[in-house]
Amino acid sequence: MSANGHRIRISLRLKLLVLIGALLLGTMAGYLFLALRLITQDRLAYAFDLNQRVAAMLSIQVQDSLESTEERLRLFGELAVGRSDAEIERLARQLLASDVDLLRVSFFLREGPLMTARCRVVDEQRLVPLEISAAELDGLDRTRPLPLASLGSEPVVVLNRSLPPSALIISLVVGQRVGPGEQPAWVVALDAVPTRVLDAFAGGSTYVAYLVDASGTVLAHPDRAKMLGAVRLTDEPPVQAALAGGGITSGVLEHAAGDRRLLSAWARVGHGRLIAVASIDRAAALAAAERLVRLSALVGVAMVLAALLISIFAARAVTGPLRRLSAATAALAAGDYLVDPKVRSGDEIGELAQDFKRMARELRDAQVKLLQSEKLATFGQLGAGITHEIKNPLSAIRGFAQLALRGRDPAQVQESLEIIEKETQRCLEIVQNFLRFARQDKGERVRVEVNALVQDGLKIVAHQLAISGVKLTVELGDAPAVSVAANQIHQVMLNLLLNAAQATGRGGVIVVRTGVRDGRAEITVSDNGPGIPADVLPRIFEPFFTTKEAGKGTGLGLSVSYGIVRDHGGELVAESTPGAGATFRVLLPLAA
Amino acid sequence: MSSAAHILVVDDDDSIRLLVRRVLEKAGHRVAEAGTGLDALKLIDADSFDLVISDINMPELDGLSLVEGLRFNERTRAVPVIFITASEDPALFAKSVGLKARHFLNKPFSTEKLVEKVTQALGR
């Protein structure tokens, strides 16, 4: 019946929130997953691309450097052939002077199957920062001999002949260009510090690049120790790939390196004899992508939270009106027919609220009509009493009017007229009492003292009770104020009093009391009639329940009275001891 | 008016009692008043009346009970009675006839009717 009777376990607002949250999170997760995939793929592709470009660029640099040096050495060789030792030494000094990185130029001439050194020119000044002597440099030719005898038809060889701990030395061997199967007549060897090549392979912050020869031995590497040791990098996957590549001149691959993964590209350089490798740490390549995804996730979570916050308000906008409507329903059930759900929205809920309001008004109209018709029924019961009651003053008026008309004595005429006026007033009061009760009222609640309320009600019915031969006793107690529709409470009183009079019959006694019980105003109507049988007592407030013979009652009196009292927030209680009368208690909340 | 009668008027309504007194005194009768049935019985015990005019609906002791009391008393058994009533309930007529009270005066009555009924009841 009440709103509390049906508890809302999961509110509509919560359901909406969960739905919106799930949708948002799903969309967000889907977006992040796709974004991560796309960005990762894009970054990987970019990383491979970058590697390839780095490898290619390094190849070109190495190639250029190699070719230009090779040309100069070949020119030197051709100029040196057939010259005197002094002239060759002069040429060699010119060559050394052309580049600060050059350390030593050696010139060999074929004598039979052997190559004989004709000239070795060293710039000793340039050996000082390397902390080696000319003798040590010469020693290299014994410890790591140049491949003078095995130069082929494309006689260019690059060697790493570094001298630990500090001398990085790259040697370039160039022979006379000859046909296939022939051996060159002369060979020029150059020992140099590979400054420019090292610069090229110094590596960026994101990639590592190095150069190895056909045996996998390091020629240039940002790691100085690897260069000084002339380490062989044949274990490195890109080097293996390049060595196994056959005719292929470049490639990319992803491989493990310790606990990291590297993205690498390689390219063949210098007539295919050298290999340039560029590698990027996969994690570093994807770091930006990961940062982006992490940022996206953060922004996403913030957006979901913001959206949830917004949807809390949105949900409130939806469920607020529903809540108000629910409260209005409870108010209607409690008898407030003028309740306004205060929902002004232009949507379906707004329409529902309008319909609800209309329904409440129609219910009120129906209720008013029911009250009125039941009141008229009560009024009908009073009809005989009214006629009877009004005949007394009418008799006096008629008689004294006749006396006055025929009177000679002015004093008697005066007396007659005074009585006529008094009795006319009495008629008016009787009529007004009934009219006030009979009038259709709007049910407006007015603050009124209980005792005054009861006395006004008794005026309407007292005469009826008197002529019914019923003795009425009134015991007015403490009289607090109540807020009621007086007319409706009178209807309840009349109903109870007339019922009591019918129950007792002539000679019966009805006692009306007022007072306070449990913080509520109480009006009791007790009679000394036969009482109400125990099997009937629980049913007396049911509509159309009557024990009176047909035509003597509508069966609605007590039901309507019960409704009126409940609408006032009060209680109508019946008690009876069969054989010892009945008592009806009207309990009303005190006025604020 | 050949002779004056001693008449008791019983009614809880002051104005009607006064009206009956004024009309009947004018007609030359002596009138006594009682506001309740019990007062009436006391007066009847103390004095003798030629006629009792009584209202039927009165608190405590009503007109019918009063007349019933009169009929049980040898001294007052034959006193004529006029009932004044606003009711037209046939059951009342039947009951009053049983009490040998045939005379009725319906409210609101005229003064002529009152005098006429009194004359009839006194049998003059």
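In this predicted model, A:L211 is a good place to start. Setting aside its neighbours within four places in sequence, A:L211 is in contact with A:V62, A:V197, A:F201, A:L219, A:A220, A:L274 and A:A276. Two of these names, A:L211 and A:A276, come up again in the largest nonpolar core, which has 74 residues: together with A:A209, they touch the most other members. As for where that core comes from, helix α1 of chain A (residues 12–80) supplies the largest share, with nine residues. Apart from this core lies another one, made up of 41 residues. Its members include A:L403 from chain A as well as B:V9, B:I16 and B:F83 from chain B.

That brings in the second chain. Where chains A and B meet, 17 residues of chain B are in contact with 16 residues of chain A. On the chain B side, helix α1 of chain B (residues 14–26) chips in six residues, the largest share of the surface that touches chain A. Sorted by class, that side of chain B has eight nonpolar residues, five polar ones and four charged ones.

Turning to chain B in its own right, the secondary structure amounts to five helices and five strands. Following the sequence along, these elements take turns in the pattern β-α-β-α-β-α-β-α-β-α. Chain B has 124 residues, and 44% of them count as buried. Taking the contacts within chain B between residues at least 6 apart in sequence, 61% link residues at least 24 apart.

One helix pair in chain B can be described in more detail. Helix α2 (residues 37–46) of chain B and helix α3 (residues 63–72) of chain B have axes that come within 9 Å and cross at roughly 20°. Since angles under 35 degrees count as roughly parallel, α2(B) and α3(B) are therefore roughly parallel to each other. Their crossing is right-handed. On the α2(B) side, the contact is made by B:G37, B:A40, B:L41 and B:I44, while α3(B) brings B:S65, B:L66, B:G69 and B:L70. Split by class, the residues of this contact between α2(B) and α3(B) come out as five nonpolar and three polar, with no charged residues. Charged residues do turn up on the side of chain B that touches chain A, where there are four of them.

How values were computed: Residues numbered from 1 in each chain as written. Chains lettered and ligands numbered in written order. Predicted model: local features only at pLDDT ≥ 70, side-chain atom pairs only at ≥ 80, totals over all residues. Core = buried A, V, L, I, M, F, W, Y, C linked by C-beta atoms within 7 Å. Buried ≥ 20, exposed ≤ 12 C-beta atoms within 10 Å, placed from the backbone. Helix = DSSP H or I, 4+ residues; strand = E, 2+ residues; numbered from the N terminus. Contact = placed C-beta atoms within 7 Å. Nonpolar A, V, L, I, M, F, W, Y, C, P; charged D, E, K, R; others polar. Axes fitted to C-alpha atoms, helices over the stretch in contact; angles between N-to-C directions. Parallel < 35°, antiparallel > 145°, perpendicular 65-115°, else oblique. Left-handed = near helix turned anticlockwise from the far one by under 90°.
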